[in-house]
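Trainee: I would like a close look at a single part of this protein. Please show me the model first.

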Amino acid sequence: MSFNVARQSSLRQPTQLLALYPALKEVRKTVLETVTLDQMLQSVAMDADLEHILIIDCPGEEKTAVDQLADLPPAKAFSHVFLRAGCLPLYHGSLGVDALAEQLKTQGFEIKGESHADADFTHLVLTKPRVAPEQTNDGETAEGEDPRVAEIRDLHRRLDQSERLAERLHADLEDLRDRYGELLKHSENQADLLGQLAGRLGAKEPE
């Protein structure tokens, strides 16, 4: 369903969303073929040596994405999730951002950043927690260190780098949203001016 507030278009009927947008109305309906998260990732090469970020920004279908995230095989695991969701359940069968965050926590994610710039919608950055390094045996020396410990230490370093990258990406995303809003407002002002000019030209008597 495409609404006159395009940003909120969804596969689901609006519920509490109508309280935020009393003038919300459906402008058209489109038949879509849906796919699961696992099916969507079939064509994506996911390097096991890299960190992967999943952006969940799908009005009304956030719970579906979170549920399917839990069912992904280890080879397609995500270490970071960027989530945008309403503070309240806005669509039929949907969840609010707090309930979604709790569900992600049961999957091993922790909230590392959040934005409440919009009072009705929250942005969260969630990350899998660090794996505690294994304790070496009493008789183990530095020279005889278990190679798995070194591997875990390297994973910690890469995870720290990924967390810093996630924070920068989140800040960049907020900046892009602000810039887009400014450009959209500027475009609307230009359209109004052009409309006024066209009206004046149309009303001018020919010489």
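Trainee: Is Cys 58 buried, partly exposed or exposed, and what is its relative accessible area? Then please take me through the largest nonpolar core and the residues with the most contacts inside it.

Mentor: Remember that this is a predicted model. Start with your cysteine. Cys 58 has a relative accessible area of 25%. Buried means under 20% and exposed means over 50%, so Cys 58 counts as partly exposed. Cys 87 is partly exposed as well, at 31%. A disulfide is a covalent bond between the sulfur atoms of two cysteines. The structure holds zero disulfides.

Next, the setting. The protein has five helices and six strands. From the N terminus, the elements run β-α-β-α-β-α-β-α-β-β-α. Of the 207 residues, 30% are buried.

Now the core itself. The largest nonpolar core has 20 residues. Leu 69, Val 81, Leu 83 and Leu 104 have the most contacts inside it. Several elements feed this core. Strands E3 (53–56), E4 (80–86) and E6 (121–127) each supply at least two residues. Helices H3 (62–70) and H4 (97–106) each do so too. H4 gives the largest share, four residues.

Look at Leu 104 up close. Set aside its neighbours within four places in sequence. Leu 104 then touches Val 66 and Leu 69. Leu 104 is also in contact with Val 81 and Leu 83. Phe 109 and Leu 126 complete the list.

Turn to the two helices, H3 and H4. Two packed helices are described by the angle between their axes and the distance between the axes. The axes of H3 and H4 come within 10 Å. They cross at roughly 5°. Angles under 35 degrees count as roughly parallel, so H3 and H4 are roughly parallel to each other. From H3, the contact uses Glu 62, Lys 63, Val 66, Asp 67 and Leu 69. From H4, Leu 100, Gln 103 and Leu 104 meet them. By class, this contact has four nonpolar, one polar and three charged residues. Leu 69 and Leu 104 thus appear in two places: among the core residues with the most contacts, and in the contact of H3 with H4.

Last, step back to the whole chain. Take the contacts with a separation of 6 or more. Residues 24 or more positions apart account for 64% of them.

Technical notes:
Residues numbered from 1 in each chain as written. Predicted model: local features only at pLDDT ≥ 70, side-chain atom pairs only at ≥ 80, totals over all residues. Heavy atoms only, no water. Disulfide = S-S within 2.5 Å. Buried < 20%, exposed > 50% of the residue type's maximum accessible area, 1.4 Å probe, protein only. Core = buried A, V, L, I, M, F, W, Y, C linked by side-chain atoms within 4.5 Å. Contact = heavy atoms within 4.5 Å. Axes fitted to C-alpha atoms, helices over the stretch in contact; angles between N-to-C directions. Parallel < 35°, antiparallel > 145°, perpendicular 65-115°, else oblique. Nonpolar A, V, L, I, M, F, W, Y, C, P; charged D, E, K, R; others polar.
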